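Q: I have a two-chain complex open and want to talk through how its parts fit together. Can we start with the terms and then go through the interfaces?

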Amino acid sequence: MSVNGTGYEHDVEPRTLLVQHLRDNMGLTGTHVGCDTSSCGACTIIANGETVKSCTLLAVQCEGAEIKTIEGMATNGKLHPIQESFREHHGLQCGFCTPGMVLSSWQLLERNPKPSETEIRHAIEGNFCRCTGYHNIVKAVQDAANKG
Amino acid sequence: MGDLIGKSVKRVEDYRLLKGEGKYTDDFNMANQTFAVYVRSPHAHAKLVNVDISAAKAMDGVVNVFTGKDIKDAGIVGSICGWQVDFKNGDTMKEPGHPILAVDKVRHVGDAVALVIAEDKGTARDAAGAVEVTYEVLDAIVDPKAAAQDGAPQIHDDVPNNTIFDWELGNKDETDKAFKNAHHITELSYHNQKLIPNAIEPRAALGHYDISDDKYTLYTTSQNPHLARLIIAAFVLSIPEHKLRVVAPDVGGGFGSKIFTYNDECGVLWASKQIGRPVKWTADRTEAFFTDCHGRDHVTDAKLALDADGNITGLRTKTYASLGAYLSNFSTCVPTYLHGTLMQGAYITPAVHVDVTAVVTNTVPVDALRGAGRPEATYCIERLIETAAREIGMDPAEFRLKNFIPPFDGVKQPGYQTQVALQYDSGNYEGTLKKVLKNAKYEKLKKERDAARADGKLMGIGFSTYVEACGLAPSALVGSLGCRIGLYDAASIRVHPTGKVTIFAGAHSHGQGHDTTFAQIVADEFGIGMDDVNVVHGDTDSVPFGYGTYGSRSISVCGNAIMKSVDKVKEKGARIAAHKLECSPEDLEFENGSWTVKGTEKSVGFGDVSLTAYVPHDYPENEEPGLDFTSFYDPANFVFPFGAHICVVEVDKDTGEVKVVKYFTVDDAGNVINPMIVEGQIHGGLAHGIGQALYEGAVYDDSGQLLNGSMLEYCIPRADNMPLFETDSTVTPCPHNPLGVKGIAEAGTIGSTPAVVNAVIDALSDYGVKDLQMPLAPQRVWAAMQQAK
Ligand code: FES
Ligand code: FES
């Protein structure tokens, strides 16, 4: 599979989840694990252009896939505009949900560049944040949409 | 001094967190590490007949398996309770032990019975499944009030009636008198339900005993690494304290649940010495539901007495508080000193009496959770107030304004002595209420509500005007109340030769933005740039002994320790500057990063002075080199933030679903260092408080099974459940600390739960619904409407 633009080959145990593979075998610890029921969204990544919860996929299912994780969002150390909006609007506190939130927001704006507040809330309802009350995350996504 | 304090400086920590470069405990690995999995009881109350580990131990890749007997034989006890609250009659509090692995009995679902260590996590899980445990199931008890009654199943042999202590505060005789003479009495009985914290990062530990230097290291998800070290070293594992390093790296939220030193983390560290290799354990979410300390769980009867003019004359409460199956570190102070002492609220209630019975139940231990005791107190008062206002036909805002304690700044007017021990530092309760009434356009809002009702829609307006106590706490005071630790904090400021600065903070950031706020204070005071300052926290090998972050104490306790060190740097800096400028320090003023001889142009800069301190060639006599100070700050009093909330809800007539459509706050946390961060804390706090009112709550059946022990069944607020919040503030500085700051991380939670419930009750007033039990889930609201019909 390719991860953040580089091709890799690995042998993995069949039961290895994609998130475990990314974290434990590839050291990409920006993808987080917050649950065991596919509920929290902390593990969200992009596979072949679509966001998925990487705890719901086996690594072997991703053979040949193009994967992008949070580590692949900034270019040359410069934050992606969505990341920049999160910073501007204090859309993160502890940062644990943040990688997943940023990627889900990215997906939303890919599909719907000018979302309403309701559409934003709907798009990130599969990502739990226990710190921000979502207020500033919504503001950040609105800002990213306005800039984009 | 400078222009950084009070400014919404963007957070320093965000770059790394946004890029996925945060380092949380589970992101750390060590060479040769092993993986631990705990085997946990599926029963709430059972005798442990046998634990057979033979099959598990024989599996390929299993390193070792430990049972309760192994740990007991090693002479290891479990974690401890840090606050002693004795019975009313003077008898000592009951203190049943909490072994790391159960020995003869399990007392809640999730109680650990064995510890499996393997080469990889998958094998450890498989082997955990191969441990054969034989239980003899016993009757369980989960209801806090029922647990204290005769005949209830007894959970610990040495705790009759499951009662850990009973406790009271206030003036019973005066309160009885107030109720005897009352013109009107308002009564409420409710369950302030059990909540499950659910920080999004699960707890984790990576323990390592290094034989080469006889030293232990523990990476762990802690809000207070020094306290963890003290408890583990001195009380649990008997390790010389200097031989244990505890590191809490980035922590993914805590909300109280990561204050405590849990047995699980201690077990990991102990096991690493037994097997001679690092051991890593990361809780999965199911384990978090069954082992992270829960919050609340109070069963309360409350009464408010009024005279004929609508003046409050007395308040009386009786609470049964569950502490869960075992006493967690601070479980005992939550329903007492963090709850009973808050029962004055914002009102001149001349007689208050609070009675609390603390019990054990067959449920997950209960301890501090965002607000810890103060949300329970505020819920009680603010529900009573609003119900009383409705009963006597007075507007709830007017009723509050009539009964408020008048403004006092703690300087010209003295602090306010409550009936329940505390002395409030400063407050202007009518100030916040009047402002929020204006912001919400209350008169217009009422008309909208009435129009909506005429239109057949259920709209409701609810208030809450809270006072809370945070910034824990004067050590001698809490010591006299049974606290077994100090509650000061510490900070070092190391000015480097080139004038750059490192702050070593005893507080620990797990989302609060200390890297930014603390740096703002120091950069502002020294007249240097934000880039010239960095903050180190979370590592007991480098930071001074502080008590960590909880109870909204970082800025008011650690922030003021920083200020003390700032002052020491400035004083010594002035002596060095005076030497260079050939004057006396009194002739100097420090501004914009330079010491200047008053009334002249002669000055010397901060960097010049710091370089001189480390290259002391031309130097004052008898002055030590260096510019590096550590200070400990023990607060003179708690700090008492306050505020007024207005919640507007709509209730769906057909489904009973409640929607928060508008939420207004005016909070007063004294002086503010970074308004952006403060508002963020309020937003997060509101989500927690609204979550309790509408969505969250542990559901146990009578056998002690937790029926909603996963994120699929326990309703954590989602983005589409929350409104945008309209926050505002007033500023009434704290009179007793140098920064004039209070605290804000819990205020949103404390204030919001009753405001939401009050709003729903208002919406349902035409149905005659007077009270509803939380959470106000659609089926409950719908059923209440049907019943009323
Ligand atoms: S870890 Fe994948 S959704 Fe929670
Ligand atoms: S920032 Fe902490 S969970 Fe979202």
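A: First, a term: a salt bridge is counted when a side-chain nitrogen of Lys or Arg is within 4 Å of a carboxyl oxygen of Asp or Glu. By that rule, 1 salt bridge is found across the interface of domain 1 of chain A and domain 2 of chain A. Keep in mind that this is a predicted model.

Q: Which residues form a salt bridge there, and at what N and O distance?
A: A:E50 and A:R111, with their closest N and O atoms 3.2 Å apart.

Q: Where are the bounds of the domains in chain A?
A: Domain 1 covers 2–72 and domain 2 covers 81–147. Their C-alpha centres lie 21 Å apart.

Q: How many residues are in contact between domain 1 of chain A and domain 2 of chain A?
A: Domain 1 of chain A has 18 residues in contact with 14 residues of domain 2 of chain A. The area buried between these two domains is about 1,200 Å², and carbon and sulfur atoms give 60% of it.

Q: Which three residues supply more of that area than any other three on the domain 1 side?
A: A:H32, A:T51 and A:I70, which supply 37% of the area that domain 1 of chain A buries against domain 2 of chain A.

Q: And how many polar contacts across that interface?
A: There are 6 residue pairs in polar contact, both residues at pLDDT 80 or more. On the domain 1 side, strand 3 (44–47) and strand 4 (50–53) of chain A are the elements that give two or more residues. The class split of that side is 6 nonpolar, 9 polar and 3 charged residues.

Q: Switching to the two chains. What area do chain A and chain B bury between them?
A: About 4,200 Å², with 58% of it on carbon and sulfur atoms. Within chain A, the residues that lose the most area to chain B are A:R87, A:F128 and A:R130, together 21% of what that side buries. The contact takes 44 residues from chain A and 52 residues from chain B.

Q: How many salt bridges across the interface of chain A and chain B?
A: The rule finds 4. A:R15 and B:D126 meet in a salt bridge through their side chains, at 3.2 Å from N to O. The count of residue pairs in polar contact between the chains is 24, both residues at pLDDT 80 or more.

Q: Which helices of chain A each supply at least two residues to that side?
A: Helix 2 (81–88), helix 3 (98–111), helix 4 (117–123) and helix 5 (135–147) of chain A. By class, the side of chain A that touches chain B has 17 nonpolar, 16 polar and 11 charged residues.

Q: Now chain B. How many helices and strands?
A: Chain B has 20 helices and 28 strands. Its C-alpha atoms fill a box of roughly 85 × 75 × 50 Å along the principal axes.

Q: What radius of gyration does chain B have, against that of a compact globule?
A: Chain B has 27 Å, and a compact globule with 789 residues would have a radius of gyration near 28 Å, so the two agree.

Q: How is chain B divided?
A: Into domain 1 (17–138 + 200–253 + 258–291), domain 2 (295–408 + 428–473 + 637–788) and domain 3 (488–633). The centres of domain 2 of chain B and domain 3 of chain B, taken over C-alpha atoms, are separated by 40 Å. Their contact takes 21 residues from domain 2 of chain B and 18 residues from domain 3 of chain B.

Q: What area is buried between domain 2 of chain B and domain 3 of chain B?
A: About 1,400 Å², of which carbon and sulfur atoms give 58%. B:L472, B:I673 and B:L739 supply 36% of what domain 2 of chain B buries there, more than any other three residues.

Q: How many salt bridges between domain 2 of chain B and domain 3 of chain B?
A: The count is 0. The rule does find 8 residue pairs in polar contact across that interface, both residues at pLDDT 80 or more.

Q: Last topic, the backbone. Where is the peptide bond that is cis after B:L472?
A: It runs from B:L472 to B:A473, with omega near -15°. B:A473 is in the loop between strand 18 (458–467) and helix 14 (475–480) of chain B. The bond from B:M774 to B:P775 is also cis, with omega near -10°. Most peptide bonds are trans.

Q: What phi does A:H90 have?
A: A positive one of about 55°, although A:H90 is not a glycine. A:H90 sits in the loop between helix 2 and helix 3 of chain A.

Conventions. Residues numbered from 1 in each chain as written. Chains lettered and ligands numbered in written order. Predicted model: local features only at pLDDT ≥ 70, side-chain atom pairs only at ≥ 80, totals over all residues. Heavy atoms only, no water. Domains from an automatic or database assignment. Contact = heavy atoms within 4.5 Å. Buried area = accessible area lost by both parts, 1.4 Å probe. Polar contact = N/O pair within 3.5 Å; in protein donor to acceptor, adjacent residues only side chain to side chain. Helix = DSSP H or I, 4+ residues; strand = E, 2+ residues; numbered from the N terminus. Rg over C-alpha atoms; globule rule 2.2 N^0.38 Å. Nonpolar A, V, L, I, M, F, W, Y, C, P; charged D, E, K, R; others polar.
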